[in-house]
Amino acid sequence: MTRLTHLDAAGEANMVDVSDKDVTSRTAVAEGCVVMLPETVALIRQGDAKKGDVLGTARLAGIMASKRTHELIPLCHPLLISKVKVDCTLDESLPGVRVSAEVKVSGQTGVEMEALTAVSVACLTIYDMVKAADKGMRIENIRLRRKSGGRSGDFEAP
């Protein structure tokens, strides 16, 4: 079993010392979705949500959240992120919105948490902006899709 790096010998939480790690290019991609009524998808598509541009606002919220991950998750390092791309796409087959985030950094630790935070906050923003029309929405399947770089190497979800 892999040792949890955020726990010290006594089992107490601590921030991992990354000072001995090499600076490498690291990328993470996360995804998730907001499942909603077909009528809510139509409302977003038509631009008729009372709070405004749902997908544009969610995209910006996700980008902003990724840059503040270290303020939200206690043991995350503050990072000088070089790229954040958040995509919010209407999908009639869900029905709902598919959200993905790609985050890049050249640094000593990865950006998985930043990508997951971006997706989570973008999904929450979508929910907030159209909850008056559909309180039964579900935020689902938030996960790391892939990561590259660092000591642990590459990962791709099946």
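Begin with the contacts of the whole chain: among those in the protein with a separation of 6 or more, 70% are made by residues 24 or more positions apart. The model is a predicted one, and with the complete chain in view, the C-alpha atoms fill a box of roughly 50 × 30 × 30 Å, taken along the principal axes. Of the 158 residues of the protein, 38% count as buried, while the accessible surface comes to about 9,200 Å², with 54% of that area belonging to carbon and sulfur atoms.

Switch next to a cartoon coloured by secondary structure, where four helices and five strands can be picked out, following the pattern β-α-α-α-β-β-α-β-β when read along the sequence.

**Strand β1 and its partners**

Select residues 24-35, which make up strand β1. Why can this strand be called largely enclosed by the rest of the structure? Nine of the twelve residues of β1 are buried, and therefore the description holds. Add residues 96-107, strand β3, and the display shows an antiparallel pairing in which twelve bridges join β1 to β3; within this pairing, Glu 31 has Ser 100 in β3 as its bridge partner. Then add residues 138-148, strand β4, which is joined to β1 by eight bridges and also runs antiparallel to β1. To locate one point of this second pairing, label Ala 30 and Leu 144, since Ala 30 stands opposite Leu 144 in β4.

**Asp 91 in strand β2**

Move to residues 83-91, strand β2, and select Asp 91 within this strand. Is Asp 91 buried or exposed? The relative accessibility of Asp 91 is 16%, and because the limit for a buried residue is under 20%, Asp 91 counts as buried. Leaving aside residues up to four places away in sequence, Asp 91 touches Gly 96 and Arg 98, so both are worth showing as sticks together with the aspartate.

**Leu 80 in the loop before β2**

Step back along the chain to Leu 80, which lies in the loop between α3 (69-72) and β2. Leu 80 counts as exposed, with a relative accessibility of 77%. A distance drawn from the C-alpha atom of Leu 80 to that of Val 105 reads 6.7 Å, although these residues are 25 residues apart along the chain.

**A nonpolar patch on the surface**

Turn on the surface and select Leu 124, Ile 139 and Ile 142, which form a nonpolar patch with about 230 Å² of accessible area together. One of these residues, Ile 139, belongs to strand β4 and is partly exposed, having a relative accessible area of 33%.

**The cysteines**

Finish by selecting the cysteine sulfurs. How many disulfides does a search of the whole structure find? The search finds zero disulfides. Cys 76 is in no disulfide, and the nearest cysteine sulfur, belonging to Cys 123, is 18 Å away; Cys 76 is itself buried, with a relative accessible area of 12%. For Cys 88, the closest cysteine sulfur is likewise in Cys 123, at 7.5 Å, which is too far for a bond. Cys 88 also counts as buried, at 10% relative accessibility.

Key:
Residues numbered from 1 in each chain as written. Predicted model: local features only at pLDDT ≥ 70, side-chain atom pairs only at ≥ 80, totals over all residues. Heavy atoms only, no water. Patch = residues over 30% accessible without salt bridge, like charges linked within 9 Å, V, L, I, M, F, W, Y side chains within 5 Å. Areas by Shrake-Rupley, 256 points an atom, 1.4 Å probe, with all protein chains shown as cover. Salt bridge = Lys/Arg side-chain N within 4 Å of Asp/Glu carboxyl O. Helix = DSSP H or I, 4+ residues; strand = E, 2+ residues; numbered from the N terminus. Buried < 20%, exposed > 50% of the residue type's maximum accessible area, 1.4 Å probe, protein only. Contact = heavy atoms within 4.5 Å. Pairing = 2+ DSSP bridges. Disulfide = S-S within 2.5 Å.
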